[in-house]
Amino acid sequence: MLNMLRKSLAIEIENFLNFLGKSSPSDKFTKSAFVQARKKIKPAVFKHLSQTLVNEFYTDNDLAIKKYKGFRVLAIDGSRMTLPITKDLKQFYGETKNQSATGIVQTKCMS
């Protein structure tokens, strides 16, 4: 589920299970179970995955890297990412409230 969510979480979970070939009723799980499991992912996992992807890309790919006048051209797109609402994340990132005073925790990310 590394793609951007475009449908409801329940539909995205079902599509992902179908993609894995696990569409039997015994393989179903709830949105709540998914969110609870997602909260258990340690941030170090994403740092490790990112480093692994970078290392793999730059291994034996010198000819595939396109350059402009000898330089690699890089671009960054800044976005906001909604995080789980936990005490630690609220303390670190703060809380954003909308018109209805519903609070969410967000951070800026670059891709």
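This report describes a three-strand sheet and two residues with positive phi in a predicted model.

## Basis

The model is predicted: local features need pLDDT of at least 70, side-chain atom pairs count only at pLDDT 80 or more, and totals for chains, interfaces and linings use all residues. Residues are numbered from 1 along each chain as its sequence is written, and side-chain values use heavy atoms, with hydrogens and water left out.

## Sheet

Strands (E, at least two residues) and helices (H or I, at least four) are DSSP runs, numbered from the N terminus. Two strands count as paired if DSSP finds at least two bridges between them. The open sheet has 3 strands in the order S1-S3-S2, with antiparallel pairing. S1 and S2 are at the edges, each with a single partner strand, so one side of each has no neighbour in the sheet.

S1 and S3 (residues 103-110) are joined by 6 bridges. Along this pair, Thr82 is opposite Gln106, and Leu83 has Val105 as its bridge partner. S2 (residues 96-97) pairs with S3 over 2 bridges, with Thr96 opposite Ile104.

## Positive phi

Most residues other than glycine have a negative phi. S2 and S3 form a hairpin with 5 residues between them, and Ala101 in the turn has a positive phi of about 65°.

Lys69 has a positive phi as well, near 50°. Lys69 lies in the loop between helix H3 (43-57) and strand S1 (78-83). Its relative accessibility is 67%, so Lys69 counts as exposed (over 50%; buried is under 20% and partly exposed in between, with a 1.4 Å probe and protein chains only).
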